[in-house]
Amino acid sequence: RAPRAPPTRAMASSQPQTPPKTVELTRERDVFVLTLLGTPDGAGNFENRFNPTFIEEINLALDVVEAAPVGAALITTSRGKFYGNGLDLKWLFKGGGAEDAAAQRRAALMHDFQHLLARMIQFPVPTVAAINGHCFAGALFFALCHDHRVMRTGKGFACMNEIHIDMPLGEGLNSVVVAKVADANLRRDMACHGRRYSGEAAEAAGLVDRAVEVGALMPESLWIARSVAAIRKSNTVLHAIKRELYRGAVEALERGLVPAMPTGPGPRVAP
């Protein structure tokens with residue numbers, strides 16, 4: 001069973017008494033479909049920004065999937081023009097307040113987000129991210145922690161845009177890039193340049209297994225999920241293999257360290 005970290009004290013205290021429903025878990029015979037419905041914009045789109053409520057409800061859905069008999073698989077997807085839009089910066093900086101309070105919120109959020117990624121990257125059932133639209137920042141890390149990725153063509157980009165907002169990745173998120181992106185030049189373009197990839201470009205670069213028209217997104221994802229679900233005989237063995245395969249990333253994510261924010265210009269290179 002993949003370990004699940006309890007919410008930090010700071011995170012737990014921020015939970016409302018009756019949180020809104022931010023995920024929907026359904027089942028297509030042997031495949032669970034987790035639809036992400038966080039941060040609605042009122043126009044049928046869900047930005048799915050990661051905040052305490054969203055992370056907790058994803059974990060609760062994963063508990064259900066993990067308890068299912070051997071033979072199941074999991075697809076995550078969303079509706080509208082976003083698969084996900086990173087961390088919930090509005091929650092992170094809500095209410096202003098003292099700098100140390102903001103730092104505590106950031107530490108709590110990064111702790112729980114990285115533990116969610118650690119759970120996903122070693123999840124004991126096969127996982128497929130059906131990327132229905134824009135997949136930015138934290139959402140791309142979440143997608144990379146799946147076993148397979150299918151992305152729609154025509155609309156939507158995948159991008160690590162942290163470089164554009166002056167947000168360092170830290171050891172946990174960097175470890176995901178190293179574990180899941182084999183090509184060093186591609187890692188550079190993604191992490192250091194913040195390059196955007198359409199579905200077609202993501203497939204060509206090897207970031208996703210397939211890029212398909214939106215109408216084929218779920219059928220293709222279901223086909224992959226069922227194909228790989230039929231292979232294994234034990235959830236325990238699959239979890240053990242993934243944990244060893246991605247050991248460096250798992251251990252870095254489970255440490256949950258908060259990336260140090262830059263305090264000034266980088267070191268100058270002597271002429």
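**Exercise 1. Glu244 and Arg247**

Task: In this predicted model, find how far apart the closest N and O atoms of Glu244 and Arg247 are, and decide whether each residue is buried, partly exposed or exposed.

Solution: Start with the atoms. The closest N and O atoms of Glu244 and Arg247 are 2.2 Å apart, and the two residues form a salt bridge. The cut-off for such a pair is 4 Å. Now turn to accessibility. Glu244 has 49% relative accessibility and counts as partly exposed, since exposed means over 50%. Arg247 is partly exposed too, with a relative accessible area of 34%. To finish, look at a set of salt bridges that share partners: they join Asp63, Glu66 and Arg119 into one network.

**Exercise 2. Two further salt bridges**

Task: The structure holds 13 salt bridges. Take the pairs Glu171 with Arg255 and Arg49 with Glu47, and work out which parts of the chain the pair of Glu171 and Arg255 ties together.

Solution: Begin with the distance. The side chains of Glu171 and Arg255 meet at 2.8 Å, N to O. Next, place the residues: Glu171 belongs to helix H6 (residues 170–180) and Arg255 to helix H11 (residues 247–255), so their salt bridge links parts that are 84 residues apart in sequence. Then check the surroundings. Glu171 is partly exposed at 33% relative accessibility, and Arg255 is partly exposed at 46%. For the other pair, the side chains of Arg49 and Glu47 form a salt bridge at 2.8 Å, N to O. Arg49 has a relative accessible area of 22% and is partly exposed.

**Exercise 3. Helix H2**

Task: Compare the expected span of H2 with the distance between its end C-alpha atoms, then work out how enclosed the helix is.

Solution: First, the length. Helix H2 covers residues 52–66, and at 1.5 Å a residue its 15 residues should span 21 Å. The end C-alpha atoms are 21 Å apart, in agreement with that value. Second, burial. Twelve of the 15 residues are buried, so H2 is largely enclosed by the rest of the structure. Among them are Pro52, Thr53, Phe54, Asp63 and Glu66. Third, the start of the helix: a side-chain oxygen of Asn51 comes within 3.2 Å of the backbone nitrogen of Thr53.

**Exercise 4. Aromatic rings around Phe54**

Task: Classify the pair formed by the rings of Phe50 and Phe54.

Solution: The structure holds three aromatic pairs. In this one, the ring centres of Phe50 and Phe54 are 5.2 Å apart and the planes stand at 45 degrees, so the pair is tilted. Both partners can be checked for burial: Phe50 is buried at 1% relative accessible area, and Phe54 is buried at 1% as well. Widening the view, Phe50, Phe54, Phe113 and Phe142 form one aromatic cluster.

**Exercise 5. Helix H10**

Task: Find where the buried residues of H10 lie around its axis.

Solution: List them first. In H10 (residues 235–245), the buried residues are Asn235, Leu238, His239 and Lys242. They cover an arc of only 100 degrees around the axis, which puts them on the same side of H10. A general rule helps here: an α-helix has 3.6 residues a turn, so residues three or four places apart point the same way. Finally, Ser234 caps the N-terminal end of H10, with a side-chain oxygen 3.2 Å from the backbone nitrogen of Thr236.

**Exercise 6. The open sheet**

Task: Identify the edge strands of the four-stranded sheet.

Solution: Read the order, S4-S6-S8-S9, with mixed pairing. Strands S4 (82–85) and S9 (196–197) each have a single partner strand, so one side of each is left without a neighbour in the sheet. S9 runs antiparallel to S8 (residues 158–159), and two bridges join them. Cys159 has Arg196 in S9 as its bridge partner.

Terms used: Residues numbered from 1 in each chain as written. Predicted model: local features only at pLDDT ≥ 70, side-chain atom pairs only at ≥ 80, totals over all residues. Heavy atoms only, no water. Pairing = 2+ DSSP bridges. Expected span 1.5 Å × (residues − 1). Buried < 20%, exposed > 50% of the residue type's maximum accessible area, 1.4 Å probe, protein only. Polar contact = N/O pair within 3.5 Å; in protein donor to acceptor, adjacent residues only side chain to side chain. Arc of directions from axis to C-beta. Phe/Tyr/Trp six-rings, centres within 6.5 Å; stacked < 30°, edge-to-face > 60°.
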